[in-house]
Amino acid sequence: MSEAVPSQKTATGERALRIAVIGAGASGILSGIKLREAGIADVVIYEKADRPGGTWRENHYPGLSCDVPSHVYRYSFEPNPDWSRLFSPGPEIQNYLEAMVRKYGLDEVIRYDREVVRCEWDGARWEVELSDGEVDHADVVIAATGVLHHPRTPEIEGLERFEGACFHSARWDDSTVLDGKRVGIIGNGSTGVQITTAVSGRASHLSLFQRTAQWVLPQENPVYSEEEKARFRDDRELCQHLYRELNKSFITNFSHAVVDAESEAIAMVETACRAHLDEKVADPELKAKLTPDYRAGCKRLVVAGGFYEALQRSDTELVTEDIESVEATGVRTRDGRLHPLDVLVLATGFQTHQFIRPTKVIGRDGIRLDDAWAESNRTYLSISVPQFPNFFMLVGPYSPVGNFSLIGVAETQLSYVMQLIEVLRDGRARQVAARADATERFFAEMVEATKGTIWASGCKSWYIDKSGVPASWPWDYDRFESMMATPDLKDFELL
Ligand code: N01
């Protein structure tokens with residue numbers, strides 16, 4: 001057990017801070033790199049698993065790939081000339097993140113197999129308790145715990161009675177044989193679509209259970225030739241140019257589209273999805289089943305190639321009848337039909353509004369994050385919560401999520417957080433937390449702005465929180481970057 005020691009000054013006169021980062025996924029690794037680069041030596045990253053990588057470690061289902069272009073889905077300061085394709089397969093991203101940990105020597109500061117179960121403000125510092133009972137103390141906590149993290153298991157009658165292999169997509173059992181087996185997949189979000197495309201043709205029979213049709217934007221995924229990779233390797237600026245261009249066209253344009261449900265840009269997305277369906281599916285009955293009754297972009301857009309082709313194989317079936325129950329040998333639908341299965345995959349998504357919880361976070365005067373967030377996950381600019389001093393979140397509630405690179409989002413947020421940490425280091429304050437009035441004002445503006453977004457145009461999606469509001473940054477990406485450029489310290493309580 002480490003002792004609660006008062007913070008010292010460094011040789012340059014700055015206050016020496018101990019910073020605990022929770023999670024060694026893409027944003028936790030980023031935090032480790034940037035904090036140490038800023039001269040903050042006393043950094044610890046607690047990681048509950050035995051490896052870094054976050055979502056890219058947890059997910060290893062067949063067909064896993066990233067639908068954000070490879071040259072965007074990476075740290076802005078670490079181009080990778082060796083991406084194999086325009087859109088990376090998941091294992092390449094995992095390898096990239098592990099390579100970053102090695103390159104920046106982060107194994108020195110990451111403590112693996114250490115789950116943080118409680119963070120409690122003791123009046124001066126955070127007490128950080130781990131699942132084995134160890135207690136650490138830190139001046140600052142950065143929650144880098146991700147969004148798509150806690151699997152959602154569906155409540156389907158009889159699920160526990162299934163006698164074959166059954167697992168959530170984010171808990172994939174690599175020992176389960178799929179080839180020649182009867183495989184069922186519940187859920188047709190980005191994950192279910194990728195698994196269907198990869199497993200169709202391997203399974204003797206594949207049933208995709210669809211509750212709601214999805215819009216699917218077509219995706220070509222060409223390989224980068226050895227010549228192209230060599231050019232990227234020789235010319236770092238070429239990689240950076242590509243990053244900027246792809247960022248501009250993919251992220252900025254898309255962000256304008258989704259935040260304005262009346263925009264021409266979002267209408268064009270739907271036109272492209274419709275054309276994709278028209279081009280790939282001729283059978284009117286199948287096409288009708290695959291045509292959503294809500295607007296494209298309302299749910300997080302699925303971007304995929306090969307899905308419609310897979311569904312039209314003779315060994316693959318789209319089941320749109322509602323599921324009634326799961327039995328020992330398969331799934332029974334409401335029409336009374338039993339779909340016999342050897343393997344049942346739950347591609348049923350995540351509890352996307354949990355964030356750092358179930359870790360108990362207790363701020364000033366014993367206020368629990370659970371209580372502070374009883375109605376909705378109120379934050380100031382997604383990163384700070386009133387009464388939780390020196391506690392910052394990356395990719396927290398109402399960050400730009402969905403079809404954006406969460407690595408880029410985390411970079412922008414971390415740079416903002418680093419400026420607040422600087423306030424603590426240079427002695428302007430010992431505690432920084434968003435003011436309650438600033439948070440209320442910001443939150444109200446944000447909720448109002450969500451009304452004009454495509455996510456509020458009438459569908460059920462993982463964006464919608466328990467207060468019925470889509471919890472995603474409701475303005476365009478430019479506004480995100482400009483608002484996150486420099487903290488307005490008037491909106492913070494500095495003690
Ligand atoms: O989860 P989802 P996901 N009975 O929540 C269905 C990211 N991601 O894992 O639409 C029957 O989107 C549910 O049906 P419905 C990406 O941000 C990125 O696929 O609610 N069905 C839906 O079809 C993505 O958005 C990549 O009616 C049930 C599905 O399960 C996010 O992860 C790749 C059900 C859940 O879809 C989550 O995607 C993969 C029930 N009881 C994922 N309960 C990249 O390429 C749920 N469903 C970067």
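The structure holds 1 disulfide, and that is a good place to start a walk through this predicted model. The bond joins Cys298 to Cys459, with the two sulfur atoms 2.1 Å apart. For the bench reader, a reminder: a disulfide is a covalent bond between the sulfur atoms of two cysteines. Here the pair links distant parts of the chain, 161 residues apart. Cys298 sits in the loop between α8 (284–290) and β12 (302–304), while Cys459 belongs to the loop between α12 (436–450) and α13 (477–483). The torsion about the S-S bond of Cys298 and Cys459 is about -100 degrees, so this disulfide is left-handed.

Now to the ligand. Its shell is made up of 23 residues, and the closest are Asn188, Thr191, Thr212, Lys299 and Trp462. By type, the shell divides into 8 nonpolar, 10 polar and 5 charged residues. Helix α4 (residues 190–199) supplies the largest share of the shell, 3 residues.

Several protein atoms lie close enough to oxygen atoms of the ligand to be worth listing, and the table gives three such pairs.

| Residue | Protein atom | Distance to a ligand oxygen atom |
|---|---|---|
| Asp67 | backbone N or O | 2.9 Å |
| Ala347 | backbone N or O | 3.3 Å |
| Trp462 | side-chain N or O | 2.7 Å |

On its own the ligand has 910 Å² of accessible area, and the protein covers 87% of that.

Next, a look at the backbone. Which loop holds both Phe355 and Pro358? Both lie in the loop between β17 and β18, where β17 spans 343–346 and β18 spans 360–362. Most residues other than glycine have a negative phi, and most peptide bonds are trans. Against that background, Phe355 has a positive phi of about 50 degrees although it is not a glycine. In addition, the peptide bond between Arg357 and Pro358 is cis, with omega about 20 degrees.

Finally, a word on confidence. The mean pLDDT of the protein is 95, and 98% of its residues reach 70 or more. Over residues 1–6, however, the pLDDT is below 50. Beyond near neighbours in sequence, the stretch 1–6 has 9 contacts in the model. Where pLDDT is low, the predicted coordinates should not be read in detail.

Notes: Residues numbered from 1 in each chain as written. Predicted model: local features only at pLDDT ≥ 70, side-chain atom pairs only at ≥ 80, totals over all residues. Heavy atoms only, no water. pLDDT = per-residue confidence, 0-100. Contact = heavy atoms within 4.5 Å. Near = heavy atom within 4 Å. Polar contact = N/O pair within 3.5 Å; in protein donor to acceptor, adjacent residues only side chain to side chain. Areas by Shrake-Rupley, 256 points an atom, 1.4 Å probe, with all protein chains shown as cover. Helix = DSSP H or I, 4+ residues; strand = E, 2+ residues; numbered from the N terminus. Nonpolar A, V, L, I, M, F, W, Y, C, P; charged D, E, K, R; others polar. Disulfide = S-S within 2.5 Å.
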